[in-house]
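Here's a quick, friendly tour of the charged pairs in this protein model. Have a look at the structure first, then read on.

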Amino acid sequence: MNSLHDYYAAMELARALSDEQVARYHEEGFLCPLPALSPAEARDCRARLEAFEASQGRPLGRLPGQLRAKTHLLFPWLDRLVRHPAVLTAVEDLIGPDLLVYHLTMWIKEPGDDAFVSWHQDGTYFGLDPADQHVTAWVALTDSLPEMGCVTVLPGSHRLGQLRHSTHRDAANLLSNGQEAEIDVDVARVVPLALRAGEFSLHHTHLLHSSAPNHGRDRRIGVGISYIPTRVRHVGPRRLTASLVRGQDRHGHFDPEPRPRADFDVEAHAAHADACARFFGSHGSVRTEVAEA
């Protein structure tokens, strides 16, 4: 570098988000849409998922073992996705360079089914301290449009902090505890986070969001990736697991998760089962998979 100007120019090139986007995230609690995968890459991810489903004879959400959760521990292609540079750099612009994947959920809605997600905040059962450093990246592997039950959000609601939630058991609710925020949502203020395959959104852990059933003609497949800085810890008697995806972990608050070497192999399946048992046991989830329709 020949000058301070060159240094700052290089730093700008290394960023994914502008100052305006970072300010908008802090004001509204989300950013959408952002580019990540090419259409061909998104199709490849979908093909790999559906090849596995075909080998098992059922969709992922109908298989036992909570395979919708922490699915990056089972498949190398998904392990690579959580490390996608475009996603990681955008997350780093919000919460810093040393990043863990704390959790992951595959959000799959079949066309015409009644699956939905109630109004909630991601951080409700996560038990993280500090909670507000958790960011969710929602990566679309197919189009996720309003008629397909895309994620909808209440802008600025993250500034309310953590709200009280109650439990409403419903087999169609994709949330493991059926949690729902105890608040009246002004539907006139709700914004749909429409995404094309390969795009992603970012939202704050306290942002109120939900999604309706898929009334489209294609599957709606998204990957919800929970990122936290390594300085964040889990508050609870049980030690949980996480995956280091960028930078260094100088804190050691979580047991490291092994990267899968092959799709659904024995070692990956064992690591996934252990990680899920710890995670869901930490907040008393009683649901392990969607009931067979």
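## Some groundwork

Helices here are DSSP runs of at least four residues, and they are numbered from the N terminus. Keep in mind that this is a predicted model.

Side chains of opposite charge can pair when their charged atoms come close. In this structure, that adds up to 20 salt bridges.

## A pair inside one helix

Let's start with R24 and E20, whose side chains form a salt bridge with an N to O distance of 3.0 Å. Why do these two line up? R24 and E20 sit 4 residues apart in helix α2 (residues 19–28), so about one helical turn separates them.

Are they buried or out in the open? A bit of both: R24 is partly exposed at 29% relative accessible area, and E20 is partly exposed too, at 48%.

## Pairs that reach across the chain

Helix α2 also holds E27, which makes a salt bridge with R159; their closest N and O atoms are 3.7 Å apart. R159 is in the loop between β6 (151–153) and β7 (165–167), so this pair ties together parts 132 residues apart in sequence. R159 is exposed at 53%, while E27 is partly exposed at 47%.

R250 and D98 make another salt bridge, at 3.0 Å between the closest N and O atoms. R250 lies in the loop between β14 (241–246) and β15 (255–256), and D98 in the loop between α5 (85–95) and β2 (99–109), 152 residues apart. R250 is exposed, with a relative accessible area of 60%.

## A linked group

Some charged residues join up in a network of salt bridges: R46, E50, E53, E110, D218 and R219.

Technical notes: Residues are numbered from 1 along each chain as its sequence is written. This is a predicted model: local features need pLDDT of at least 70, side-chain atom pairs count only at pLDDT 80 or more; totals for chains, interfaces and linings use all residues. Side-chain values use heavy atoms; hydrogens and water are left out. A salt bridge is a side-chain nitrogen of Lys or Arg within 4 Å of a carboxyl oxygen of Asp or Glu. Helices (H or I, at least four residues) and strands (E, at least two) are DSSP runs, numbered from the N terminus. Buried means under 20% relative accessible area, exposed over 50%, partly exposed in between (1.4 Å probe, protein chains only).
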